[in-house]
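User: I'm new to this one and would like to go through it slowly. Could you put it up for me?

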Amino acid sequence: MSGVPESSGVQEHPTDQPPAANWVEEAMAEHHATEHELVPTPGTRHASREQQVLDRIDKARRRRPKMKEQRITSSHGAGGKATHTLIEAIFAPAFSNPLLDKMEDSAALTVGDARLAFTTDSYVVSPIFFPGGNIGDLAVNGTVNDLSVAGATPLYLSAGFILEEGFPVADLQRIVDSMAAAAAAAGVQIVTGDTKVVQRGKADGCYINTSGVGVREHSTDFGVDQVKPGDVVIVSGPIGDHGVTVMLARGELDIMSDITSDTAAVNGLVARLLAGTNGVRAMRDATRGGVATILNEVAKGANVAVVVNEAAVPVRTEVRGASELLGIDPLYVACEGRIVVIVAGDCADEALAAMRSHPLGEQAAVIGKVVDDPPGLVLLNTTFGGTRIVDLLVGDPLPRIC
Amino acid sequence: MSGVPESSGVQEHPTDQPPAANWVEEAMAEHHATEHELVPTPGTRHASREQQVLDRIDKARRRRPKMKEQRITSSHGAGGKATHTLIEAIFAPAFSNPLLDKMEDSAALTVGDARLAFTTDSYVVSPIFFPGGNIGDLAVNGTVNDLSVAGATPLYLSAGFILEEGFPVADLQRIVDSMAAAAAAAGVQIVTGDTKVVQRGKADGCYINTSGVGVREHSTDFGVDQVKPGDVVIVSGPIGDHGVTVMLARGELDIMSDITSDTAAVNGLVARLLAGTNGVRAMRDATRGGVATILNEVAKGANVAVVVNEAAVPVRTEVRGASELLGIDPLYVACEGRIVVIVAGDCADEALAAMRSHPLGEQAAVIGKVVDDPPGLVLLNTTFGGTRIVDLLVGDPLPRIC
Amino acid sequence: MCLGIPGEIIEILHDKPDLAMVDVSGVRRAINIGLLEDDPPVPGDWILIHVGFALSKIDEGEAKAALEFLEGIGQAYADEIAALLESSID
Amino acid sequence: MCLGIPGEIIEILHDKPDLAMVDVSGVRRAINIGLLEDDPPVPGDWILIHVGFALSKIDEGEAKAALEFLEGIGQAYADEIAALLESSID
Amino acid sequence: MRYVDEFRDAEKARALSARIASLCEPGRHYKFMEVCGGHTHTIYKHGLEDYLPETIELVHGPGCPVCVIPMGRVDDSIYIARQPDVLMTSFGDMMRVPGGNGSFFDSNAEGTNIKMVYSPLDSLKIARQNPDQRVVFMAIGFETTAPSTAMTILRAAAEGLENFSVFCNHVTIIPAIKAILDSPDLRLDGFIGPGHVSTVIGCRPYEFITTDYHKPIVVAGFEPLDILQSIYMLMLQLSEGRCEVENQYSRVVPWDGNLVALKAITETMELRPYFEWRGLGFISQSAMQVKEKYARFDAERIFNMPGLRVADPKACQCGEVLKGVLKPWECKVFGTACTPETPIGTCMVSPEGACAAYYNFGRFTRQRVKEATAVATTEASKV
Amino acid sequence: MRYVDEFRDAEKARALSARIASLCEPGRHYKFMEVCGGHTHTIYKHGLEDYLPETIELVHGPGCPVCVIPMGRVDDSIYIARQPDVLMTSFGDMMRVPGGNGSFFDSNAEGTNIKMVYSPLDSLKIARQNPDQRVVFMAIGFETTAPSTAMTILRAAAEGLENFSVFCNHVTIIPAIKAILDSPDLRLDGFIGPGHVSTVIGCRPYEFITTDYHKPIVVAGFEPLDILQSIYMLMLQLSEGRCEVENQYSRVVPWDGNLVALKAITETMELRPYFEWRGLGFISQSAMQVKEKYARFDAERIFNMPGLRVADPKACQCGEVLKGVLKPWECKVFGTACTPETPIGTCMVSPEGACAAYYNFGRFTRQRVKEATAVATTEASKV
Ligand code: SF4
Ligand code: SF4
Ligand SMILES: [Mg+2]
Ligand SMILES: [Mg+2]
Ligand SMILES: [Mg+2]
Ligand SMILES: [Mg+2]
Ligand SMILES: [Mg+2]
Ligand SMILES: [Mg+2]
Ligand SMILES: [Mg+2]
Ligand SMILES: [Mg+2]
Ligand SMILES: [Mg+2]
Ligand SMILES: [Mg+2]
């Protein structure tokens, strides 16, 4: 067997024309319906056929996204394109209000004279215990972080547990102890809670929701809409540790490593940063979807281009090894104790110095820059010296073979 | 076969002495260890043996409750004794702080000059759609209500979704639309959210967590610790509609009825009440565990006795019918739009009038009274003219046959 | 022992003649009436329901008699109380 | 096509001789080396990993030669650039 | 609710109460046992004892079908539920009853699938819907419930259902009453007879109580007035020196019982030589098992259960409490080894059991409760 | 990383780039096809085209093994996965590829159990751990991956595993190249040969390209310098008028391939008479099936799949795009019927496919991207 067949060539299938898939038929109908759009209208400026095709795509893109799927799939939870479509097609239009529409990590509220931040996240990590942490400290740190990156001082957390019948009480005790320790470390209090128990087989041991309230003591508002060309992009440390740790901890890949999750509360780091510079425009914690997703949100939200210098992005050797082996890109892998900071260009040095003075920011690095064109895109200067576009991921970062 | 055996009588089992269960052995060891406690110490006041036994039980009760089970069971989620034990044994000691320790429906926070209320609840109702509502409006109303009964004006909600892979998008859309409508009806905004997708078989379609922030505009603090002998107990309407509706909607009992859930936001009702009287001491929404559980919390929290007049408790005919058929007590059945209000005795009339002036309170009724002795107990004057103690439920209100 | 609840027969399910639709205070369930085959109930009859089965028919006459007895006692009691009160007023 | 990653053999698993523990930048996995049975690798050898199998051994000499060629081109390029710069200075 | 509300009338209760009081011989103390757990429940739920003079005491009998199931049978059920592809069904009441290694709830937490059903027939429906599961109905109950199980077995046989069986734990009330009557230190003056059992077995089986043991018995309904009237009838018998089987519950209980139901039981079940009762030990011929003829529906034959007994501590004194000889707190293990969370004896399983009720509320005397509610009622009426 | 980082050196790339530019004949346009999806990925990931003069164009070939799987085979896989007790495994790449009724992800949302594995051997482990499940490995890949599947079948046979089978979708690269070469309007100047396929089949099978079609081919490694060097070698051949099979990737690819691997394939698999490729239609003898001898591990024999084809619209023009005849936007269904969410042709499945890349970023010219990054780099270096 050499791979060389005796004869070859494209040929027609011997049977009758098979039926088309439903979606293909629908798509073809749409195709025929829009085909006339390509005929240049007399009297209008004549666009090239290529430009017309691009315009048509652009028009389709500007429509409110529709859910094409009839059922929720795992992609809708992966933080990439499907998640964004789900949010934009279902949640955003139904709940729309000025605070929600900002689509930040936390909502910026004002109650009386108090400037507050309010956020929520549910935690469904599997496995529940992993090197470097567990679902409990993750849940506390995650919500502390969403408040912190809004420039708020996290104060109060809620804790909602959904427990599966049969969950070991000893495991729950461990999780609760971790939460208490994480809350103490972050200087926040868990002030209200709720517990539900669901039937065996209706959960995965333990899910936790934490919501959080913080106070925005700074007079400036941070947010993606503050970002301007000329700003620089800083990450607070090596990326991807958490995501790779959890992926390997599931055991299905049979890969061994000493990587541990980076889960940590970043409020101390953020406080240090804000004390050291007035130039901060926006901050996000690089969780689900990783740094690449955050930067796409920045580029789209501020209508700017973000240019990243690949060689400057800190990635641990083992995270790189696991990523190469699995064919995934660390830029898309979740962190749980790393932040991405956009800071005015002339404040980059003082911001970096401030972050590096904190243990969680020792390896902080400037990884890129904000420019004006092409708006909405994240671009990468590769280590190799080339350039490419860093898009939103279509689904999860899955192990690839090709 | 007449039920009369030819011979009968207690006799020994023909085999050897069987082994005792582990827990029986442990319990017997404890028994022997405490047995000496019953020997009166010379020089101390001689208590009767009965009093000694009661003292020993009391002492055991005052110990911090321990989880005897090694695994979470469905009872831990039912709102009765097991839920209380779980909270007191695991969550309360780990997270303890003055705000949480009040164990109210929402935490009373102060941020700067702002007096806030903050609460959380997860919703795992099955079925997701039921007559009169669905998990979506339930989730909005439930959190609005926990804020309202703290005397706060509900302002902002978070929404955290845990979706099971395969959940129909159309169902999600229906739920989200209900949430939007419920939020609009209650005058609150959903300002932050989160969506997680878990593998098929790791959830039950859709779970929702809502957390809420409200502002406490009244200078007085409401809470169970304000309750005093002489206060009266009011419920805002017929009880048990929600719990019976959901129980029947599961379909397993094959019982048909026209009952619908009472799910509703009570903030308007509470506002009307607070405008009409200054005598309100405490309010709770009678959810999981029903009115009986709330009143037990009041009795224990305020160290008073609550005496309920059974004939005064409004219960719909069908709810009563279903309850009799299933052998459950409506006092323990969940409502989702009913509140229990404790009000100073001399303000009862104005409170009742205020509540009855609101559509959700049309059938409000004084159902009982707070007295000083015996502290910690809920007592019932039955319709029949007798009396009994209304204790916390040991588990769920289960269909009984005897 | 064992929870038994009175219910009214609304309809005999003709496709399943050992089942009857029974009403209990406005809620309805199909109840097996196979144990009453010696004297099958008809719509309007009241039965005692236990775990989905009709255990017996409720005898309206006996019920009435029982209530009359109780009322008799009640009346006698009321008369006595009245007599007592009257005597104390005197 | 198909993702292939170089890794270093750390240990042949003696209970399962067609498996070797392989290190890739500090992470380790057992890799099937059955396709290399004509010339079995030993610890210290580098192999190309694809879907859990070693597809071939990496030839250190060939790799060195390739790099030397590339360096040669690089040097020649540097020389030319230098010459160019020099000439433009002139 | 018809046939319910009429029998919960406080006015009539007061009248009956006065009659009963007038029948009490001065200085005499009366103890009546309500055999049936349903009666215990009614007494508790409606606060019926408030209508009785202090000299009449009600003793809660062994007639709660879940409370008397011994730990070993709970363990055996869990053993069956743990077998591959088993889906077990039972009544809601059973779910919390502890065996030697926890309850059905605990067992479900460890992975078994034990579901509540409202009716045994619902188990058949589940069996039809889950042909790849072996559905086992864990049957409990006295003669009231046994006919339903019997009808269910007959229906399964008629349909030829192959994935359904019954783990039979039906018990019979007469031997339990007899065991109590046989005790030398018995202190009971009469029995409130089990109304719903009697719809099936009728009133005749109680005759031995009057003839052999000379104790009166009144078969009673389940509304509070039914019970109060039955007590009145017992007092009347005592005061008149009579000793008879009387039927207070004649609107429901035919003197001869339900022959169709008895036939169904006899067709499918037979008496066991003996059966263990929680806290009471073995009582001969006190329970039913599936007949050989229906062996293919008999879980005891299908599953090879270990059948291990779990020993009650020797100190367990349920028998004495049931007979009215001991107060709950006088039992040696009360409140230490035996608590509502870990009940050893039958009186501790249900919150209405004598020991559980005393454990939870022993410190609150009935007098104290009455005073509290009286105060509240008076003050509330002012509102 | 050894053998990786050395081949990503920008310094050396600049030198190679200059050499390549110097070899360009003025006015001549060059089109090389990188056959392999792995090469496409490297080119995209490292931005390799920035090192090429505008006159050298890279055409992305049909060598992405998931992209070429036709909708009918995805549907067949889902059909198998829906059978009772089936647990299907496949590589992560397959999970999102749409069939006529959605992808594996969509199918899992409807209840199938299709799991990702890193290695085919992991499927065997899953089969051992789940004896009550029928584990089907949905095998894809060119000759690189086929040996792993072959070894897995041999291992399953040696162990006598009874609950494991393979749904074989292995394709062979040579017929696809030949199909493209046979096109009358071909506009390619040479081929970048698939390095990892060649570790198995060696370099000889490409000789017909040089002898019959007179196109040069260089078997290339997967680091960006490997590809750049291969382009240099192709340019050198063209400028010197040579037309040979050369091996740039000699550190990994032996000229004769891997005989053990070839033997494993030949032992377990044989060529199919024809096989459908997404967007390309049927190509004869372009895929493998499990041999009769291993029939018990052949999912196609075990499961009676409908084997229905899903028609590509006639307007689909992947063949032309692959041959470099058409630009993506010139395909009639581009952007209307065929989008990345609903890809009809192979070039739209992976985000690196020519049509998907153009759909997503067509409006941003390479020049615009280069300018943006250049500005950022200059300004950032000031920081
Ligand atoms: S405490 Fe009561 S229930 Fe427990 S063993 Fe003693 S008598 Fe029986
Ligand atoms: S748009 Fe591209 S991928 Fe789609 S059918 Fe046309 S050529 Fe093929
Ligand atoms: Mg965030
Ligand atoms: Mg958040
Ligand atoms: Mg989990
Ligand atoms: Mg977050
Ligand atoms: Mg709650
Ligand atoms: Mg509440
Ligand atoms: Mg709450
Ligand atoms: Mg649910
Ligand atoms: Mg609540
Ligand atoms: Mg979130």
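User: How many salt bridges does the rule find across the interface of chain B and chain A?

Analyst: The rule finds 6 salt bridges across that interface, where a salt bridge is a side-chain nitrogen of Lys or Arg within 4 Å of a carboxyl oxygen of Asp or Glu. Please keep in mind that this is a predicted model, in which local features need pLDDT of at least 70, side-chain atom pairs count only at pLDDT 80 or more, and totals for chains, interfaces and linings use all residues. Residues are numbered from 1 along each chain as its sequence is written, chains are lettered from A and ligands numbered from 1 in the order in which they are written, and side-chain values use heavy atoms, with hydrogens and water left out.

User: Which residue forms a salt bridge with Asp194(A)?

Analyst: Arg288(B) does, and the closest N and O atoms of the two are 3.7 Å apart.

User: And how much area do chain B and chain A bury between them?

Analyst: They bury about 6,200 Å², with 68% of it on carbon and sulfur atoms; buried area here is the accessible area (1.4 Å probe) that two parts lose on being put together, summed over both. Of the area that chain B buries against chain A, Ile72(B), Phe95(B) and Phe118(B) supply 11%, more than any other three residues. In terms of contact (heavy atoms within 4.5 Å), 76 residues of chain B touch 77 residues of chain A.

User: Changing topic, which protein donors does the magnesium ion (ligand 12) have?

Analyst: Its protein donors are Asp121(A) (OD) and Asp194(B) (OD), at 2.0 to 2.2 Å from the ion. Donors are N, O and S atoms within 2.8 Å of the metal (3.2 Å for Na, K and Ca), and water is not among the atoms, so sites may look incomplete. Asp121(A) lies in strand β3 (residues 114–123) of chain A and Asp194(B) in strand β7 (residues 189–198) of chain B, so this pair joins two chains; strands (E, at least two residues) and helices (H or I, at least four) are DSSP runs, numbered from the N terminus.

User: Are those two buried or exposed?

Analyst: Asp121(A) and Asp194(B) are both buried, on a scale where buried means under 20% relative accessible area, exposed over 50%, and partly exposed in between (1.4 Å probe, protein chains only).

User: What does Asp121(A) coordinate?

Analyst: Asp121(A) coordinates both the magnesium ion (ligand 12) and the magnesium ion (ligand 4), which are 4.1 Å apart.

User: Where is Asp372(A) found?

Analyst: Asp372(A) is in the loop between β13 (365–371) and β14 (378–381) of chain A, and it counts as exposed because its relative accessibility is 53%. Leaving aside neighbours within four places in sequence, Asp372(A) is in contact with Pro229(A), Asn303(A), Val304(A) and Ala305(A).

User: Back to salt bridges: how many does the structure hold over all chains?

Analyst: It holds 96 over all chains, and one of them is between the side chains of Glu60(C) and Arg2(E), at 3.2 Å from N to O. Glu60(C) lies in helix α1 (residues 60–89) of chain C and Arg2(E) in the segment before α1 (10–23) of chain E, so the pair joins two chains.

User: What about Glu159(F), which residue forms a salt bridge with it?

Analyst: That is Arg128(F), with the closest N and O atoms 2.9 Å apart. The pair links distant parts of the chain, 31 residues apart, with Glu159(F) in helix α6 (residues 146–159) and Arg128(F) in helix α5 (residues 120–129) of chain F. Glu159(F) is partly exposed at a relative accessible area of 37%, and Arg128(F) counts as partly exposed at 40% relative accessibility.
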